[in-house]
Amino acid sequence: MKRFIDLADLEPAAVRDLIALAQKLEREPEPEALAGKVLGLLFMNPSLRTLASFQAGMARLGGRSFVITPGQGTWQLETRLGAVMDGDRAEHIREGLPVLASYADAVGIRSFAEGKDLAADMAETGFKAMAELVDKPLVNMESAMNHPCQALADWKTMDELDVPAQGKFVLSWVNHPRALPLAVPAATLTMAAQRGMEVVVLRPEGYEIPQPLADKARRLAKASGGSFTETTDRTAALKGARVLYAKEWGSTRHYGDPSADAELRRQLAHWKVDEPWFAPADPACHFMHCLPVRRNVAVTDAVLDGPRSVVLREAYNRMPAQMAVLHRLLAR
Amino acid sequence: MKRFIDLADLEPAAVRDLIALAQKLEREPEPEALAGKVLGLLFMNPSLRTLASFQAGMARLGGRSFVITPGQGTWQLETRLGAVMDGDRAEHIREGLPVLASYADAVGIRSFAEGKDLAADMAETGFKAMAELVDKPLVNMESAMNHPCQALADWKTMDELDVPAQGKFVLSWVNHPRALPLAVPAATLTMAAQRGMEVVVLRPEGYEIPQPLADKARRLAKASGGSFTETTDRTAALKGARVLYAKEWGSTRHYGDPSADAELRRQLAHWKVDEPWFAPADPACHFMHCLPVRRNVAVTDAVLDGPRSVVLREAYNRMPAQMAVLHRLLAR
Amino acid sequence: MKRFIDLADLEPAAVRDLIALAQKLEREPEPEALAGKVLGLLFMNPSLRTLASFQAGMARLGGRSFVITPGQGTWQLETRLGAVMDGDRAEHIREGLPVLASYADAVGIRSFAEGKDLAADMAETGFKAMAELVDKPLVNMESAMNHPCQALADWKTMDELDVPAQGKFVLSWVNHPRALPLAVPAATLTMAAQRGMEVVVLRPEGYEIPQPLADKARRLAKASGGSFTETTDRTAALKGARVLYAKEWGSTRHYGDPSADAELRRQLAHWKVDEPWFAPADPACHFMHCLPVRRNVAVTDAVLDGPRSVVLREAYNRMPAQMAVLHRLLAR
């Protein structure tokens, strides 16, 4: 493996191998596996889990990391091709990124969606431009439309909780103070499709899954014996569900228009997961979320702190999942 | 030892054992003692000594650290229970902290006083709520009313300077542009009481030591053969003193009221340590301060740069003191 | 070697030895050479290459680093002697720096020019005051008038590109949105003089090289068989050049006067390196720059992305060059 950009680049069997490696590293630590290796981490956007778990995971394999955060000790980086750089961005990624890569044995990049043009974000134009500048093993630490480390951790979590491979997986839109990127919903629904699950996206009007993403989910589902549908009907969606995965995202109908999104959202405060949501679900239905989550906006304290919630396990699994990825990218 | 939260949780003999271990680690480094261990450091407030000395000390024992600083590369964390999180704080400590702890073998937390309600801060409601979320060995890197790492380093410093266990220890209020927390004064006076010293707090009217803290100091002093008194009389306080420990803190009479504090403080600019202060003291009297210190506001350049000043030694001692704590928490 | 402050402190033969060590460390890594050593890095100014390459280089030698960035997780540091510290700077470098040094085995400091008084900056009053406070091996990570790590990396780069020791080296002023410090031009032209090159500084009126710096360059050139001249004539300057090293700097005629500098600069937008600049040069002439660079302000995309450009190699060479320096400062 040279790059870990999109979980869908791997066959389901290869994903299962990665998870098996993650579990092996938990049972039998390899504290010298990446001795002498250096991981360069570029955060164009803020982070908590990713920032901590990559450093901790690399350390647990004997390697070391450095972190570059434009705007925090490092100047802002320009990304526009052909820019006349007479503003406040002191360096272009066309120099900055290859330079960082030249100091490292592998590179991780976090770069969120621009949030203006849905087609450009769907095409991952920003992340692809950055990835092209890196000639070392590369990890996507969250791009415009993907978050493969989260998806891998979530798959591992479901395996450990014995969520059936064919179980019903409901990805539900939930409320948030503002429009958020589609990275996690995209990564999550394709992961669940790839795992062979009955994937249902529950969301209000105006928050439809973009066509190319729905097509990708259907293709992956078909290959694995799963399915993909979308609905606004909460009771139907949750009937028999094994997982309710809550996630916030911006209106796809009004992509790049925060005021139209806010207008639409004004009627949607009831899209906050509460215990009654689970009435039609399988009694063992789990509550999942990638974190960070707005308590009492996206989900009630009662659900988040209750027995259905597996959010801390998902977050913990980021570390072993990423250790498996780094091991594959860097160990001899 | 599972947690290092308050020096007063330890018997004086256990404190002396920790200092002996710190001194042993200085003489006989153990560069592999914490190999493979990861320390997670959460800084809710800024830092220089603590930030550097924990990372350096962990490295000198063969371990590794990661640093999370909300507001600097990581979003702000919400701490209020039951909050409806529709503002700018993207994540609650109820998720953030257990997640960070799950990546680490031990956790350090710095979280200053809220500075609004004296009883709440005295009760350490904020730090206790955070500590409850961590199921790993935990170090208090400064809380509302405590700073045990500073206290341990100061005790070690006094031992090395042959300050007698029964010597007179004067904690003097000094001036500052604004109200500061009580963490260091509280940690310092209880440490000196626990060491068996004749503790005198010298301070202006309005800056009294809160009753529960005074009670704690008296209890500790009694057990160790020391004493605790408070005065506004500088000459009497410093008569025969072996240590003048200067520290800034906010008015306890006007706790949480910065303008009343500022009004009171307007008359107190002469509370700036200068050489004449030492006239009644023992000739060998040392000047101590935890740093950072406002030169020519809290203390003159002449005293701080003069032979009485042991502030750099105190600061250096943070590292070996904390190495002893980490060794106890993490070494097999 | 105890300190690496100015490349000109070393004889040319000693510089060549350092480069040879850098190249040896590239061929034969020494992943345990600095095991147990801790490097403390103080960044008074932002950074990308320096921040990443020192951490990565130290890691590749088995050592560890901590980073302190005033204003980013640490308060601002006061530098003025005798200051009455009643403003927003919470700590003086007179405490801060010795404390950081006491935790570390070696220290790196980045502290840019104040940009107000040319004589004071030329005298390195700021960096010298900081250096005096450090009793450990010390590396200049860029001061008011120097950047020896960049100079060493550039010398190594020219050696590897077979740029003749007596070749013509043109340091050309180029445009920038605002006045920048003289650190890199100073370090670069003295490095090239020390290497024995025919050094020509090409710059507009008002951007003259300060006399003490020109004298230093002439002295170094004389000792190595090189030369130093200054001109405003681009064609003459570039005739036969083997290197065009572009760099931005503030007007030395209007030092500390940004509006006069901006006024002068209004007519200088054509000082942007483009392919026609190279017409009089040696066909093998390289384009060099220390980065970060403003694309299409200081240099066109075509030149920067073209075959003449060796900026990424220069930046990469920061790491092995600094590894050699750290090895000399810290290895037994």
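Let me open with the way the copies meet: only 4% of the interface residues of chain B are also interface residues in chain A, so the copies meet through different surfaces. I should say at once that this is a predicted model, with an ipTM of 0.97 and a pTM of 0.98. As for confidence along the chain, chain A averages a pLDDT of 98, and 100% of its residues score at least 70.

Staying with the arrangement of the copies, what operation lays chain B on chain A? A turn of 120°, combined with a shift of 0.0 Å along the axis, superposes chain B on chain A with an RMSD of 0.0 Å. That is the relation of a three-fold axis. If you want a residue to look for beside the rotation axis, take Q72(B), whose C-alpha lies at 3.8 Å and which comes closest to the axis of the residues of chain B.

The next pair can be described in similar terms. Chain C is laid on chain B by a turn of 120° and a shift of 0.0 Å along the axis, with an RMSD of 0.0 Å. Here too the copies use different surfaces, since 4% of the contact residues of chain C recur in chain B. Of the residues of chain C, Q72(C) is the one that comes closest to the rotation axis, at a C-alpha distance of 3.8 Å.

Now to the interfaces themselves, beginning with chains A and B. Their contact draws 26 residues from chain B and 29 residues from chain A. On the side of chain B that touches chain A, the elements giving two or more residues are β2 (38-43), β3 (64-68), β5 (91-92) and α3 (93-103) of chain B. Which of these elements supplies the largest share? That is α3(B), which contributes 7 residues to the side of chain B that touches chain A. By residue class, this side of chain B divides into 13 nonpolar, 9 polar and 4 charged residues.

For chains B and C, the contact takes 29 residues from chain B and 26 residues from chain C. The side of chain C that touches chain B receives two or more residues from each of β2 (38-43), β3 (64-68), β5 (91-92) and α3 (93-103) of chain C. Among these, α3(C) gives the most, with 7 residues, and the residues on this side of chain C comprise 13 nonpolar, 9 polar and 4 charged.

Let me move inside a single chain and take the sheets of chain A. One open sheet has 5 strands with parallel pairing, in the order β1-β7-β6-β2-β3. Its edge strands are β1 (3-4) and β3 (64-68) of chain A, each of which pairs on one side only. Helix α3 (residues 93-103) of chain A packs on this sheet, where it touches β2 (38-43), β3 and β6 (106-110) of chain A, and its direction makes about 155° with that of β2(A). At the β1 edge, 2 bridges join β1(A) to the parallel strand β7 (residues 138-140) of chain A, and F4(A) stands opposite V139(A) in β7(A).

A further open sheet of chain A, again of 5 strands with parallel pairing, follows the order β10-β9-β8-β11-β12. Because β10 (227-231) and β12 (286-288) of chain A stand at the edges with a single partner strand each, one side of each is left without a neighbour in the sheet. The twist in this sheet averages 20° from one strand to the next. Strand β9 (residues 198-202) of chain A pairs with β10(A) in the parallel sense over 5 bridges, and V201(A) stands opposite E230(A) in β10(A).

My last item is a helix pair in chain C. Why do helix α1 and helix α12 of chain C count as roughly perpendicular to each other? The axes of α1 (residues 12-27) and α12 (residues 311-330) of chain C come within 8 Å and cross at roughly 105°, and angles of 65 to 115 degrees count as roughly perpendicular. From α1(C), the residues L18(C), L21(C), A22(C), L25(C) and E26(C) meet P320(C), A321(C), M323(C), A324(C), V325(C), H327(C) and R328(C) in α12(C). The residues of this contact divide into 9 nonpolar, 1 polar and 2 charged.

Definitions and conventions
Residues are numbered from 1 along each chain as its sequence is written. Chains are lettered from A and ligands numbered from 1 in the order in which they are written. This is a predicted model: local features need pLDDT of at least 70, side-chain atom pairs count only at pLDDT 80 or more; totals for chains, interfaces and linings use all residues. Two strands pair if DSSP finds at least two bridges between them. Helices (H or I, at least four residues) and strands (E, at least two) are DSSP runs, numbered from the N terminus. Two residues are in contact if their C-beta atoms, placed from the backbone, lie within 7 Å. Axes are lines fitted to C-alpha atoms, for helices over the stretch in contact, and angles run from 0 to 180 degrees between N-to-C directions. Ala, Val, Leu, Ile, Met, Phe, Trp, Tyr, Cys and Pro count as nonpolar, Asp, Glu, Lys and Arg as charged, and the others, Gly among them, as polar. Copies are superposed by least squares on the C-alpha atoms of residues with pLDDT of at least 70 in both. pLDDT is the predictor's confidence in each residue, from 0 to 100.
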